[in-house]
Amino acid sequence: MAVKIRLARRGRKKAAIYDIVVADARSPRDGKFIEKLGTYNPNTNPASIDFSEEKAFQWLMNGAQPTDTVKAMLSYRGILYKKHLQIGVVKGAITQETADARFEEWKKEKEAKIESKRTTLGSEKEAKRKAAFDAETKVKEARAEAIRQREAAKLAADAPAAESEEAPEAPAAEGESTEEQA
């Protein structure tokens, strides 16, 4: 029986989340599986990969074949490197302590890279948000200044017009009152 480590799709339309499963190669993609190792969410940045590394390593050492996507994930998390080191131990090329030390060193470097990517993405996102806020503030201030200038021009235009309208109205008002008396 050929055993594969592959993805099983779940989640809603256009927002897929995948389970990492160990299944018989003949079973359908979302069908029967032997064991669920974890989940993979490609919708986040960086993609979230959560699975049991010990179980995945055990299945790889027992001969399970990963699909291309799962192979990339296992490589990203260092499981394939761990398998490579373990094969060296079995052949007698290196000791178990040396293999463990190399793997731990590699894992620390990889975690540092991942964390730096997360902080970089977070700081870039914050910088973009701040720039958009500053641009919106400038636009808001420009609009407020334009409204103030329009109001000042309107008041300036109304003030001379009001003075010129008041002068002719006064004699007209007197003339009207004399006509009304007659």
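**A friendly note on the sheet, the helices and the salt bridges**

1. Let us start with one residue. Asp 19 has a relative accessible area of 12%, so Asp 19 is buried, because buried means under 20%. Please keep in mind throughout that this is a predicted model. Asp 19 is found in strand 2, which covers residues 15–24.

2. Which residues does Asp 19 touch, leaving aside its neighbours within four places in sequence? The contacts are Arg 6, Leu 7, Ala 8, Arg 10, Lys 36, Gly 38 and Thr 39. Two of these partners deserve a closer look. The side chains of Asp 19 and Arg 10 are joined by a polar contact of 2.8 Å, and the side chain of Lys 36 makes a polar contact of 3.4 Å with the side chain of Asp 19.

3. Now for the salt bridges. Side chains of opposite charge can pair when their charged atoms come close. The structure holds 11 salt bridges. One of them is between Asp 134 and Lys 130, whose side chains meet at 3.7 Å, N to O. Both Asp 134 and Lys 130 lie in helix 4, and they are 4 residues apart, about one turn of the helix. An α-helix has 3.6 residues a turn, so residues three or four places apart point the same way. As for accessibility, Asp 134 is partly exposed, with a relative accessible area of 33%. Arg 10, Asp 19 and Lys 36 are joined into one network by salt bridges that share partners.

4. Other pairs reach across the chain. Glu 35 forms a salt bridge with Lys 55, with the closest N and O atoms 3.3 Å apart. This pair links distant parts of the chain: Glu 35 belongs to strand 3 (residues 35–41) and Lys 55 to helix 1 (residues 53–61), 20 residues apart. Is Lys 55 buried or partly exposed? With a relative accessible area of 37%, Lys 55 is partly exposed.

5. Helix 1 takes part in another such link. A salt bridge of 2.8 Å, N to O, brings together the side chains of Lys 107 and Glu 53. Here too distant parts of the chain are linked, with Lys 107 in helix 4 (residues 96–181) and Glu 53 in helix 1, 54 residues apart. The two ends of this bridge fall into separate accessibility classes: Lys 107 is partly exposed at 22%, whereas Glu 53 is buried at 15%. The dividing value is 20%, since buried means under 20% relative accessible area.

6. Next, the sheet. In what order do the strands of the open sheet lie? The 5 strands are ordered 4-3-2-1-5, and their pairing is mixed. At the edges are strand 4 (48–51) and strand 5 (65–66), each of which pairs on one side only. Strand 1 (residues 3–12) and strand 5 run parallel and are joined by 2 bridges. Looking at single residues, Ile 5 has Pro 66 in strand 5 as its bridge partner. Helix 2 (residues 68–77) packs on this sheet and touches strand 1, strand 2, strand 3, strand 4 and strand 5. The direction of helix 2 makes about 85 degrees with that of strand 4.

7. The loops are worth a visit as well. Ser 27 lies in the loop between strand 2 and strand 3, and at 14% relative accessibility it counts as buried. The side chain of Ser 27 reaches the backbone oxygen of Lys 32 at 3.1 Å. Leaving aside neighbours within four places in sequence, Ser 27 is in contact with Arg 6 and Lys 32.

8. Another loop, between strand 1 and strand 2, holds Lys 14. Lys 14 is exposed, with a relative accessible area of 77%. Its backbone is also worth a glance: phi of Lys 14 is near 65 degrees, a positive value in a residue other than glycine. Most residues other than glycine have a negative phi.

9. Finally, a check on helix 3 (residues 79–91). At 1.5 Å a residue, its 13 residues should span 18 Å, and the end C-alpha atoms are 18 Å apart, so the two values agree. Which residues of helix 3 are buried? They are Ile 79, Leu 85, Gln 86, Gly 88 and Val 89. Just after helix 3 comes Gly 92, which takes a positive phi of about 90 degrees.

Definitions and conventions: Residues numbered from 1 in each chain as written. Predicted model: local features only at pLDDT ≥ 70, side-chain atom pairs only at ≥ 80, totals over all residues. Heavy atoms only, no water. Salt bridge = Lys/Arg side-chain N within 4 Å of Asp/Glu carboxyl O. Buried < 20%, exposed > 50% of the residue type's maximum accessible area, 1.4 Å probe, protein only. Polar contact = N/O pair within 3.5 Å; in protein donor to acceptor, adjacent residues only side chain to side chain. Contact = heavy atoms within 4.5 Å. Pairing = 2+ DSSP bridges. Axes fitted to C-alpha atoms, helices over the stretch in contact; angles between N-to-C directions. Expected span 1.5 Å × (residues − 1).
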